There are 2 protein chains.
Amino acid sequence: MARQSLSGFPEWTPAGRVVEQHVLDHVRRTFELHGYAGIETRAVEPLEDLLRKGETSKEVYVLRRLHDEGETTRERQLALHFDLTVPLARYVLENTGSLVFPFKRYQIQKAWRGERPQDGRFREFTQADIDVVCQDAIPFQFEVELPIVVAEALGGLPIPAFRIGVNNRKVSQGFYEAVGIADVEGALRAIDKLGKIGPAGVTEELTTVVGASPDQAEAALALAGITAPDESFADAVRALGHRSDLLDEGLDELTRVVEAGARHMPGVLVADLSIARGLDYYTGTVYETTFVGHEGLGSIASGGRYDSLVSDGKRSYPGVGMSIGISRIMSRLLGEDLVRASRPVPTAVLVAVVQEESRAASEAVARALRARGVPTEVAPTAEKFGKQIRYADRRSIPFVWFPQSGEVKDIRSGAQVAADPEVWEPPQSDWWPHLVAAEN
Amino acid sequence: MARQSLSGFPEWTPAGRVVEQHVLDHVRRTFELHGYAGIETRAVEPLEDLLRKGETSKEVYVLRRLHDEGETTRERQLALHFDLTVPLARYVLENTGSLVFPFKRYQIQKAWRGERPQDGRFREFTQADIDVVCQDAIPFQFEVELPIVVAEALGGLPIPAFRIGVNNRKVSQGFYEAVGIADVEGALRAIDKLGKIGPAGVTEELTTVVGASPDQAEAALALAGITAPDESFADAVRALGHRSDLLDEGLDELTRVVEAGARHMPGVLVADLSIARGLDYYTGTVYETTFVGHEGLGSIASGGRYDSLVSDGKRSYPGVGMSIGISRIMSRLLGEDLVRASRPVPTAVLVAVVQEESRAASEAVARALRARGVPTEVAPTAEKFGKQIRYADRRSIPFVWFPQSGEVKDIRSGAQVAADPEVWEPPQSDWWPHLVAAEN
């Protein structure tokens with residue numbers, strides 16, 4: 001990471017940015033390969049629109065023009081968006097006439113929250129979101145597709161193993177109703193604290209605050225204890241001996257998600273019936289992703305199915321979405337040195353300059369190499385070759401080209417060979433900076 | 001463009017974003033091929049740091065936390081950056097210990113100004129900057145390199161022809177001094193108004209405000225009238241019959257820039273001695289770029305050589321930089337429909353689903369295609385094929401794959417052929433969305 005002069009506003013060194021750019025490119029390419037179209041929305045929304053989602057209102061950064069001459073009293077007050085979902089809803093509503101549904105979109109942008117910075121929590125952070133938004137009704141298949149796309153986006157990167165936990169609001173709600181817990185929201189809030197206050201604390205809250213009987217609390221805890229990387233979770237739920245139509249529907253849906261997950265990426269997707277976060281908002285499948293061995297970092301990719309992203313009064317727009325916390329991932333990768341860039345500059349070749357009068361010959365070599373996609377610089381001054389080699393070495397450029405002899409030198413090994421700029425290629429691993437995973 | 005609900009905060013439709021992403025990818029790749037490393041800086045800077053560049057202070061957006069409980073009186077007040085140069089200076093100063101100089105960096109990010117929106121002027125806009133920053137001294141060669149990199153970044157795109165005008169502070173200042181104009185800054189300010197108030201107005205200002213004699217004013221206007229796409233501009237200047245060492249130095253430098261430009265991209269780089277904007281800040285070469293036939297849009301890529309980006313008291317950091325106005329370019333391309341995307345979605349192929357029970361077979365086809373880089377979706381529901389084809393058509397997906405017959409159909413022409421998902425490729429022009437330039 002770069003020296004951080006403002007807490008909560010992380011910046012990376014050039015080498016760190018190589019890692020982040022690699023992650024972003026891989027994520028974007030995966031989204032596009034699955035047919036998601038990229039959009040960007042402005043950084044600001046009218047404050048009143050952001051405050052509709054009341055809970056996070058306290059974290060919003062409000063804007064004012066420094067030399068405001070009374071315009072903002074006439075204009076609407078603006079604030080920085082705190083996620084990419086509110087902007088998506090507004091964008092969909094403004095462009096219903098020109099968008100085609102299902103609207104499959106990805107969006108990789110910064111968001112801002114004024115909350116106190118902590119490990120993995122920033123005031124400025126980059127999110128990579130995918131959502132499918134439909135008009136009126138949404139095929140269930142998209143709830144199956146989303147975690148697979150995200151697993152592919154995170155897979156193939158030199159990052160720690162990860163696990164996508166899935167649950168379904170219908171399972172929790174259907175089960176609570178079958179058990180006879182009237183305050184479903186309250187029960188979800190209690191179960192959400194399982195990691196923090198433990199089973200005894202949750203039982204206490206369920207019986208005293210939520211009004212559940214000891215048997216009901218025990219049943220709710222038993223449900224939350226079920227986790228499995230395959231459809232066996234459904235038998236475990238049924239073995240608890242409660243049923244309702246909603247529970248059956250939820251189990252069927254969750255089974256479809258888990259089965260598809262097992263088919264595409266065995267072991268990554270896990271039914272985890274303790275997941276309760278966001279179930280007040282999400283109405284079907286919900287997702288939470290953690291790095292194995294870094295669970296304390298929190299979720300690195302979350303989301304779920306929502307019945308109505310937005311409504312224009314006539315139609316509603318249900319959808320399903322997931323959001324990858326790029327900054328959270330990056331802070332762990334770079335902060336614990338889990339991944340490094342092979343070099344901080346794109347340049348593979350420095351073309352030496354014999355004397356200023358022959359600079360055009362060096363430029364011709366560089367142009368030929370660049371035309372074939374080899375990142376190439378020309379030495380800025382015709383110093384002695386020793387100095388030009390040190391220039392390359394200081395900048396971590398692996399090859400130096402000598403145009404007068406027509407030779408290229410690997411300055412790490414010292415090996416020097418005759419080479420034609422129309423043909424020569426660097427080894428694949430030296431072409432662009434690549435990522436190196438830590439040994440541990 | 002998308003429907004714009006906040007003036008000055010442009011957003012593009014998905015098809016417009018395809019165009020912008022194409023431009024951004026090409027610009028980034030060009031920068032990297034020339035050895036520039038990408039960085040990102042946070043969106044905010046302490047207000048006091050932004051205000052050092054006094055002139056633009058009135059345009060700054062200041063941030064405040066909505067439920068601020070007195071922290072901001074203790075914390076420093078933050079504001080959104082209005083360019084990428086102030087953040088670069090701060091980043092360099094904070095990381096001098098870990099950066100390697102020359103620090104060649106590019107930075108593609110949003111910036112914000114609270115000014116009144118106009119054609120090509122936004123409150124939120126994307127800039128693509130390259131700068132070379134050195135310690136203590138900077139090789140002149142980088143002043144030659146920068147416009148060539150920018151010309152390559154803009155070249156090869158389906159955009160209007162452009163012209164990079166170059167001047168050099170030393171030419172203007174050296175000439176004015178040789179002529180005997182004492183108030184160099186005043187003369188530059190007057191010449192800067194040439195386009196707006198014409199030669200008569202400039203003469204008036206030079207003689208009354210700047211204190212030049214009629215002969216001196218005539219000489220200054222004669223200098224500003226010189227423009228040439230090659231080194232002949234220098235003879236034209238010398239023919240005016242004034243000389244000084246500074247003027248000679250400036251003419252030599254500008255000649256090097258123009259000669260290299262003519263060698264790399266004939267006709268694009270033009271010595272234009274009327275350029276005076278920014279010469280209070282820039283100390284050597286300056287650049288201004290316009291679309292030919294769209295001069296009213298203003299400069300789409302500007303910059304120059306500065307003696308000191310920043311100083312830490314012990315060392316100074318001279319540099320040279322250019323900034324491409326991506327949003328300004330995009331607003332013209334999309335606003336006048338000069339360029340279009342061949343389709344708004346990345347998807348080349350929709351794999352049909354015969355029935356839900358055989359969805360796995362469709363997924364296998366899609367996986368095989370994606371593994372070879374073909375953007376592919378699977379139909380979300382096993383509707384009748386006619387409906388699945390209409391789904392593809394509505395989303396502008398050119399090909400539909402039928403897994404049971406092993407055939408792929410170009411739904412534009414109706415042509416249907418047997419195909420193997422391990423081998424079949426879409427035509428190159430259909431693989432990803434491409435850009436189509438307008439006919440005019």
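**Domains of chain A**

I looked up how far apart the two domains of chain A sit in this predicted model, and found that the centres of domain 1 and domain 2 of chain A, taken over C-alpha atoms, are separated by 47 Å. The bounds I used are 14-340 for domain 1 and 349-437 for domain 2. The contact between them takes seven residues from domain 1 of chain A and four residues from domain 2 of chain A. On the domain 1 side, α1 (14-33) and β13 (339-341) of chain A each supply at least two of the touching residues, and α1(A) gives the largest share, three residues. I sorted that side of domain 1 by class and obtained five nonpolar residues, one polar and one charged.

**Chain A as a whole**

I then noted the general make-up of chain A, which has 15 helices and 19 strands and whose C-alpha trace spans about 90 × 60 × 40 Å along its principal axes. Of the 440 residues in chain A, 50% are buried. I also checked contacts between residues at least 6 apart in the sequence of chain A, and 69% of these join residues at least 24 apart.

**How the two chains are related**

I superposed the copies next: a turn of 180° with a shift of 0.0 Å along the axis lays chain A on chain B with an RMSD of 0.1 Å. The two copies are therefore related as by a two-fold rotation axis. Which residue of chain A comes closest to the rotation axis? I found that it is A:Leu63, whose C-alpha lies at 2.4 Å from the axis.

**The interface between chains A and B**

For the interface I recorded 59 residues of chain A in contact with 59 residues of chain B. Among the elements that give two or more residues to the chain A side are α1, β3 (61-65), β5 (103-112), α5 (141-154) and α13 (359-371) of chain A. By class, that side of chain A holds 25 nonpolar, 16 polar and 18 charged residues. I also compared the two sides: 100% of the interface residues of chain A are interface residues in chain B as well, so the copies meet through the same surface.

**Helices α5 and α11**

I turned to a helix pair that I could follow in both chains. In chain A, the axes of α5(A) and α11(A), residues 245-264, come within 9 Å and cross at roughly 35°, and the crossing is right-handed. From α5(A), the residues A:Glu143, A:Val144, A:Pro147 and A:Ile148 meet a set in α11(A) that includes A:Glu253, A:Arg256 and A:His264. The contact of α5(A) with α11(A) has five nonpolar, two polar and three charged residues.

In chain B, α5(B) and α11(B) pack at an angle of about 35° with their axes 9 Å apart, again in a right-handed crossing. Here I listed B:Val257, B:Ala260 and B:Gly261 among the α11(B) residues that are met from α5(B).

**Helix α12 of chain B**

Is α12(B) mostly buried or exposed? Eight of the 10 residues of this helix, residues 326-335 of chain B, are buried, so α12(B) is largely enclosed by the rest of the structure. The buried residues include B:Ile326, B:Arg328, B:Met330 and B:Leu334. They pack against α1 (14-33), β6 (124-133), β10 (285-291), β12 (319-325) and β13 (339-341) of chain B.

**Backbone points to check by eye**

I kept a short list of backbone exceptions, since most residues other than glycine have a negative phi and most peptide bonds are trans.

- α12(B) is followed by B:Asp337, which has a positive phi of about 55° although it is not a glycine; B:Asp337 is found in the loop between α12 and β13 of chain B and is exposed, with 9 other C-beta atoms within 10 Å.
- B:Asp136, also not a glycine, has a positive phi of about 70°; B:Asp136 is in the loop between β6 and α5 of chain B and counts as exposed, with 10 C-beta neighbours inside 10 Å.
- The peptide bond from A:Phe101 to A:Pro102 is cis, with omega near 0°, and A:Pro102 lies in the loop between α4 and β5 of chain A.
- In chain B, a cis peptide bond joins B:Phe101 and B:Pro102, with omega about 0°, and I placed B:Pro102 in the loop between α4 (85-94) and β5 (103-112) of chain B.

How values were computed:
Residues numbered from 1 in each chain as written. Chains lettered and ligands numbered in written order. Predicted model: local features only at pLDDT ≥ 70, side-chain atom pairs only at ≥ 80, totals over all residues. Domains from an automatic or database assignment. Helix = DSSP H or I, 4+ residues; strand = E, 2+ residues; numbered from the N terminus. Nonpolar A, V, L, I, M, F, W, Y, C, P; charged D, E, K, R; others polar. Buried ≥ 20, exposed ≤ 12 C-beta atoms within 10 Å, placed from the backbone. Least-squares fit on C-alpha atoms with pLDDT ≥ 70 in both. Axes fitted to C-alpha atoms, helices over the stretch in contact; angles between N-to-C directions. Left-handed = near helix turned anticlockwise from the far one by under 90°.
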